[in-house]
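User: I'm new to reading protein structures, and I'd like a close look at one part of this one. Could you pick a strand in the core and walk me through it, then show me what else is going on around the fold?

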Amino acid sequence: MAVDAVDFHVDHGEYIVLLGPSGCGKTTILRMIGGHESATSGDILLDRDRLNAVPAAKRPTTTVFQHFALFPHMNVLGNVEFGLQMQRIGRKERRERAIEMIELVGLRELRYRRPLELSGGQQQRVALARVLVTNPKLLLLDEPFGDLDRLLQLRMRVELRELQRELGITFIHVTHNQEEALSMADRIVVMEAGRVMQVGSPVEITQSPKNLFVATFMGDNNIFRGAVSGFEAGQMLVATEIGMLALPLAAAAATPPLGEPVVAAVRANAIRVSRAEHGPPVANEMRCIVKATEYLGDVVKVHLLAGEHPLLAKAPEDQYLELRGLTGTLVAARFEPVDAKLLDE
C-alpha cells in the first residue's frame, strides 16, 4: 500500500507543500489527485465534486513534472498554445491567451525560441505557462525544481510564489527539500511511510513538531530521552543519560506518572554554548566537548558531544572565532525549559 488513511484539506488559493523523504507516498497522492493513479478507497473532492472516476484529461487539474517535457520541435509560443489547442480553443483566442501568459512569466522576447535555446529557468517558466494558460482550478507540482541548480532554485521559488499569489490558483507542491517547503508553503503536510505525520504552517512544523519523526526530519532538533523523576515549580524533571532536564509541565497533555518515558526536542538555535564554570551543572545544562564548528555565513553550527550523545547548537556569525577557539575543550550547553517540546513517539 503506497499511502494509508491519508486525510487533509486544501483551501481555495492556498499553497500546500507535501514534504517527506523519498518513497513516503507524496508523489502517489499527487498522481491520484491528477487522475494518473487510482485510489482504492476514500474520496478525492474538488469543490465538493468527487473526482475518483473522472479521467485525468477531464479533471480541472494540471501537473508540472520535474522533467519539463516540452515539445522540442515547437517554439515557446507553440508549447504554451498546445494545451488550449487540445481544448479546441479558437486560433485567435488561443494566440492572445498564450502571449498574455508568456508575458506574465517574463518570456515575451523569447517566444519564438525553441526549448533547447533556453536556460533551465526559462524552460521552467515555459512549462508553467503551458499549464497555467488552461486556467486550472488546481495546479500540481512534482519536484518542480529538481533539475535546476541551487541559485536558480532560489530565484524560481520567489518567482513561482509571486505568480501563484497573482493568479490566485490553488497549488499543491511535492518536495523532499525542507528549506524549499518552509520558504514557499502556506501549510506543509509532512509524510512518512504513506501516512500524514503533521499538517501545519511552516512556523508550527518548525517550532512545534508533534512527533519524533517530524522533529528529526525537519533537522536541527536535539532529541532527549529520559524518564520523569519529579516535579518542581510547575516543571517536570526528567532524568536522562546526560543529566537532569527541566521541561515545562504545561506542554504535557496530562501530568505523567513518575518513571514515565519522555521524549523531547530542543532546537539547535535555543542552545547557548559558553565556557564551563566550576561546580556541578544545573538543570538543562550539559557539559560537552566541542567537536567542530561550521561557519555558514549568517550562522555558526557548533557540534558537541555530551558523553556519547551528539548535540547541535547554533550561534550568531559574530561568535565564530570565539567558538572555534573552544574546539576540543569542555563547555556548558544550556537551554530554557520553555524551548523544550514534548514529542509523541
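Analyst: Here is a walk that starts with one strand and then moves on to other strands, a helix and two pockets. One thing to keep in mind throughout: this is a predicted model.

Let's start with strand S1, which covers residues 15–19. Is S1 enclosed or not, and why? All 5 of its 5 residues are buried, so S1 is largely enclosed by the rest of the structure. Buried here means under 20% relative accessible area. Now think about the two faces of a strand. In a regular strand, side chains point alternately to one face of the sheet and the other. In S1, Tyr-15, Val-17 and Leu-19 sit on one side, while Ile-16 and Leu-18 sit on the other, and all of them are buried. That's what it looks like when both faces of S1 are covered.

Who are the strand's partners? One is strand S6, residues 170–175, which pairs with S1 in the parallel sense over 5 bridges. If you want a spot to zoom in on, find Val-17 and look across to S6: its bridge partner there is His-173. Another partner is strand S7, residues 187–192, again parallel to S1, this time over 4 bridges. On that side, Ile-16 stands opposite Arg-187.

Next, follow S6 to a pocket. S6 supplies at least two residues to the lining of the largest pocket, as do helix H1 (26–34) and strand S2 (45–46). H1 gives the most, with 4 residues. The volume of this pocket is about 1000 Å³. Its lining has 36 residues, and the ones nearest the centre are Phe-8, Ile-33, Asp-43, Ile-44 and Leu-45. Sorted by class, the lining comes out as 19 nonpolar, 9 polar and 8 charged residues.

Ile-33 is a handy stepping stone, since it is also among the contacts of Leu-138. Leu-138 belongs to strand S5, residues 138–142. Is Leu-138 buried or exposed? Its relative accessible area is 7%, so Leu-138 is buried. Setting aside neighbours within four places in sequence, Leu-138 touches Ile-33, Pro-60, Thr-61, Thr-62, Thr-170 and Ile-172. For a sense of scale, compare Leu-138 with Leu-110: they are 28 residues apart along the chain, and their C-alpha atoms are separated by 27 Å.

Two of those contacts, Thr-61 and Thr-62, lead straight to the second largest pocket. They are among the residues nearest its centre, along with Thr-63, Val-131 and Thr-134. This pocket holds about 660 Å³ of space and is lined by 25 residues. Strand S4 (61–64) contributes the largest share, 4 residues, while helices H2 and H4 also supply at least two each. The lining splits into 13 nonpolar, 9 polar and 3 charged residues.

That brings us to H2 itself, residues 76–86. With 8 of its 11 residues buried, H2 is largely enclosed by the rest of the structure. The buried ones are Val-76, Leu-77, Gly-78, Asn-79, Val-80, Glu-81, Gly-83 and Leu-84. What does the covering? Helices H3 (91–104) and H4 (120–132) are included in it. Have a look at the ends of H2, too. At the N-terminal end, Asn-75 acts as a cap, with a side-chain oxygen 3.2 Å from the backbone nitrogen of Leu-77. After the helix comes Arg-88, which has a positive phi near 60°.

Finally, here's a strand to set beside S1. Strand S15, residues 299–306, is mostly covered, with 6 of its 8 residues buried. Its pairing is antiparallel with strand S14 (residues 285–295), over 6 bridges, and with strand S16 (residues 309–316), over 8 bridges. Towards S14, Lys-301 of S15 is the bridge partner of Glu-294. Towards S16, Leu-304 has Leu-311 as its bridge partner.

Both of these pairings are hairpins, and each has a glycine to look for. Between S14 and S15 there are 3 residues, and Gly-297 in that hairpin takes a positive phi near 95°. Between S15 and S16 there are 2 residues, and Gly-307 in the turn has a positive phi of about 65°.

Conventions: Residues are numbered from 1 along each chain as its sequence is written. This is a predicted model: local features need pLDDT of at least 70, side-chain atom pairs count only at pLDDT 80 or more; totals for chains, interfaces and linings use all residues. Side-chain values use heavy atoms; hydrogens and water are left out. Buried means under 20% relative accessible area, exposed over 50%, partly exposed in between (1.4 Å probe, protein chains only). Two strands pair if DSSP finds at least two bridges between them. Contact means heavy atoms within 4.5 Å. A polar contact is a pair of N or O atoms within 3.5 Å; within protein, one must be able to donate a hydrogen and the other to accept it, and residues adjacent in sequence count only if both atoms are side-chain atoms. On a 1 Å grid over the protein atoms alone, a cavity is a set of points where a 1.4 Å probe fits but cannot get out, and a pocket is an open set with protein on both sides within 12 Å along at least five of seven lines; lining residues have an atom within 4 Å of a point. Grid points are joined across faces, edges and corners, and a volume is the space filled by probe spheres set on the points. Ala, Val, Leu, Ile, Met, Phe, Trp, Tyr, Cys and Pro count as nonpolar, Asp, Glu, Lys and Arg as charged, and the others, Gly among them, as polar.
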